[in-house]
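Student: I have a model open and want to learn how to read it. Where should I begin?

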Amino acid sequence: MSSARADVLIIGAGASGGVVGRRLAEAGFDVVCLEQGHWRDPAEYPGQRPDWELQAQKQWSPDPNVRQNAEDYPVNSEESEIVPLMFNGVGGSMILYAGDWPRMVPSDFRVRALDGVADDWPLTYEELEPYYERIARDVGVSGLAGDPAYPEGEELPLPPLPLGDGVIDVVRAHDRLGWHWWPAPSAILSVPYRGRHPCAQWGSCMQGCPEGAKASTDVTHWPRAIEHGARVIAGARVARLIMGPGSLVTGAEYIDETGATHLTEADVVVLAANAIGTARLLLLSATKEFPDGLANSSGLVGRRLMMHPFAVVTGVFERPMATWKGNVGSRIHCLEFYETDTSRGFVRGAKWSLAPSTGGPLNAALPARAGDAVWGADHHRRVRERFGHCLSWGIFGEDLPDESNRVELDDELTDADGLPAPKLVYGTSENSRRLLDFHVDRACESMVEAGALSVDKLKLMRDAGWHLLGTARMGADPASSVVNPWGKAHDIDNLYIVDGSVFVTSGGVNPTNTISSLALRFADGLVRRSGSQRVPA
Amino acid sequence: MTRPGPSHELDGELRDRLARLADGLIPEAGGMPAASSVDIAGTQLDSVIASRPDLVPGILRALGVAGDVLDPIRWSEALRVDDPSAYDALVTTIVAGYYMHPEIRRLLGYPGQVPQEINVGRLPDYAEEGLLERVYERGPIYRPTPE
């Protein structure tokens, strides 16, 4: 077994790992990152080829069970109402995300105090705000300040992306209804920024951005970290963390693509492998001393999994909108019904994201979108009605934590290296179902007011587990949380968790901005307290 | 990545079956040609398989039980129930082959995914019409952090 050493070992090169890697490398730490996936060349991304929609269903699917790349691990989601989605590679799931970049709102951090449910975060919106602002500059966020759904803040670095054809009809509808809307903040460049190209409207954001205009840490963070000496070891699947004397972690054992095992030792280990991968690794690392997994004295490792129940309301419009071009994420968002109103029969709310729908013609013509009655002489009319004529409200409902929703190790299923795969047990709550019912009805009203000829609704989409949160929550009390407010494991002084696992509650917005901003805050804390950091002898 | 599939197993008879089924599902109508007129079972099938070799086993299963189908739509509905993954492979192959063809794209007015510079210099309609201003003027809708 070969071995190497670093000041800081980061496991996972996605959103949070990239942010922490860059910050620590810039501060002069010797950083090594182990990433089970690879660097991806934008020339590989299928958006520039005629078969892009075909490959989006398989080779570039966000579902690792469908994609089945060698670097992926399978996930048993038979007992989960929502299928988890992710990508393994430098940049992580940002490679395949839409680039939506909303912040959480102040009440998201205080759901117990305001609504009497779940738990408050150990920090406030105001404490995270400076990190939201720094991250916005690092990734290059396009948008407009002044959104009344948020406290006043500084301008975003880049002007907003264009709304695209047809969106103005929904904007005018919300104006008539008196409902909130605002140009959506996006981690996609609207103009050239720090040597990167702006969006070229390829319309294939979710199969990788051929232009490098969409922020992902392989573009925005790792190159800078590497300039400062950081090393990314790709194709490295971590098998377990290694514990040493004094309840300190000494490093990690990983398996390379040839099957050889290696050891990387470090003063500090940072987990950034998403809320499924991180929980899995802590459970895989169980020892005689820690039989229930590492950092798990609270019993909460893997518990409180949250994935944002997701609904889609699609309006079919008469006017052609060329919806295959431009960014595929949110063009405008609506937080009109985000805050709790108990008269609705549920607490908390949801963000709506208005996005072009159907993508290319393949998507518009297959039964999943066009319906099972799409065949025969009527085929062409149905396709023409929808292709380039649809806008969708994507509705992310807040997913309140429930300890029975969890990640555990599967008894039989393994990855290609024989390591136990994660198994998900996850169900939606009555609150979530009522929440989605209400929001879907309101979103239908929005589409009708905007002039939609017809409206399709999909409540609780199964293949929608983009947002993996909560399986190692943070808090001040070691009995009820896994890490402290600075991401440090209560049980292990030199182990940090910096990904979406630490979320106390889910909020109702896309989480990558908050994950990245929290990671930057944790990294700042690590730098500031490095002098007093306990490390292995 | 999946390895290239055994396209040689899709012999002439199976390709003929595919063309007949495809014409039943996507016939000539409304100014659009039938599937077989764009060589759905020839070059288009080869292109689909080259991109997605994982579809081959499902296509073979579907075509293997197709025989002389009189009503392709009714037959496909039965296949969807009996062997959903074979149905998915078959209709994905037909639809992808059809809509990847340049002539079909031209008829649809779809140029493919092509780069196009964005123009953020022009004042958006929502600003010109004062729509954003009215949202702002309605005031904050968030609940502040409690003391």
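Tutor: We will go through the contact between chains, one helix, a helix pair, the cores and a loop residue. Keep in mind that this model is predicted.

Student: How many residues does each chain give to the contact?

Tutor: Count both sides separately. Chain A contributes 60 residues and chain B contributes 44 residues. On the side of chain B, the elements giving two or more residues are H2 (43-51), H4 (72-82), H5 (84-99), H7 (125-128) and H8 (131-137). H5(B) supplies the largest share, five residues.

Student: What is the class make-up of the side of chain B that touches chain A?

Tutor: That side has 28 nonpolar residues, nine polar and seven charged.

Student: Which residues of H2(B) are buried?

Tutor: A residue counts as buried if 20 or more other C-beta atoms lie within 10 Å of its own. In H2(B), that picks out Gln44(B), Leu45(B), Val48(B), Ile49(B) and Ser51(B). Look down the axis of H2(B): these buried residues fall within an arc of 165°, so they line one face of the helix.

Student: What covers the buried residues of H2(B)?

Tutor: The cover includes parts of both chains. Chain A brings helix H2 (52-56), while chain B brings H1 (12-25), H3 (56-64) and H5.

Student: At what angle do H1(B) and H4(B) pack?

Tutor: Read the angle together with the axis distance. The angle is about 100°, and the axes are 8 Å apart. That makes H1(B) roughly perpendicular to H4(B). From H1(B), Leu21(B), Gly24(B) and Leu25(B) meet Pro72(B), Ile73(B) and Ser76(B) of H4(B). By class, this contact has four nonpolar residues, two polar and no charged.

Student: How many residues are in the largest nonpolar core?

Tutor: It has 163 residues. Those with the most contacts inside it are Leu9(A), Ile11(A), Val31(A), Val270(A) and Ile395(A). Take Val31(A). Beyond its neighbours within four places in sequence, its contacts include Val8(A), Ile10(A), Leu24(A), Ala225(A) and Ala230(A). A second, separate core has 42 residues, among them Ala22(B), Val38(B), Ala86(B) and Val95(B).

Student: Is Gly109(B) buried or exposed?

Tutor: Apply the neighbour count again; 12 or fewer means exposed. Gly109(B) has 11 other C-beta atoms within 10 Å, so Gly109(B) is exposed. Gly109(B) sits in the loop between H6 (102-108) and H7 of chain B.

Student: How many residues apart in sequence are Gly109(B) and Ser76(B)?

Tutor: They are 33 residues apart in sequence. In space, C-alpha to C-alpha, Gly109(B) and Ser76(B) are 29 Å apart.

Note on methods
Residues are numbered from 1 along each chain as its sequence is written. Chains are lettered from A and ligands numbered from 1 in the order in which they are written. This is a predicted model: local features need pLDDT of at least 70, side-chain atom pairs count only at pLDDT 80 or more; totals for chains, interfaces and linings use all residues. Two residues are in contact if their C-beta atoms, placed from the backbone, lie within 7 Å. Helices (H or I, at least four residues) and strands (E, at least two) are DSSP runs, numbered from the N terminus. Ala, Val, Leu, Ile, Met, Phe, Trp, Tyr, Cys and Pro count as nonpolar, Asp, Glu, Lys and Arg as charged, and the others, Gly among them, as polar. The arc is that of the directions from the helix axis to the C-beta atoms. Axes are lines fitted to C-alpha atoms, for helices over the stretch in contact, and angles run from 0 to 180 degrees between N-to-C directions. Angles under 35 degrees count as roughly parallel, over 145 as roughly antiparallel, 65 to 115 as roughly perpendicular and the rest as oblique. A nonpolar core is a set of buried Ala, Val, Leu, Ile, Met, Phe, Trp, Tyr and Cys residues joined through C-beta atoms within 7 Å.
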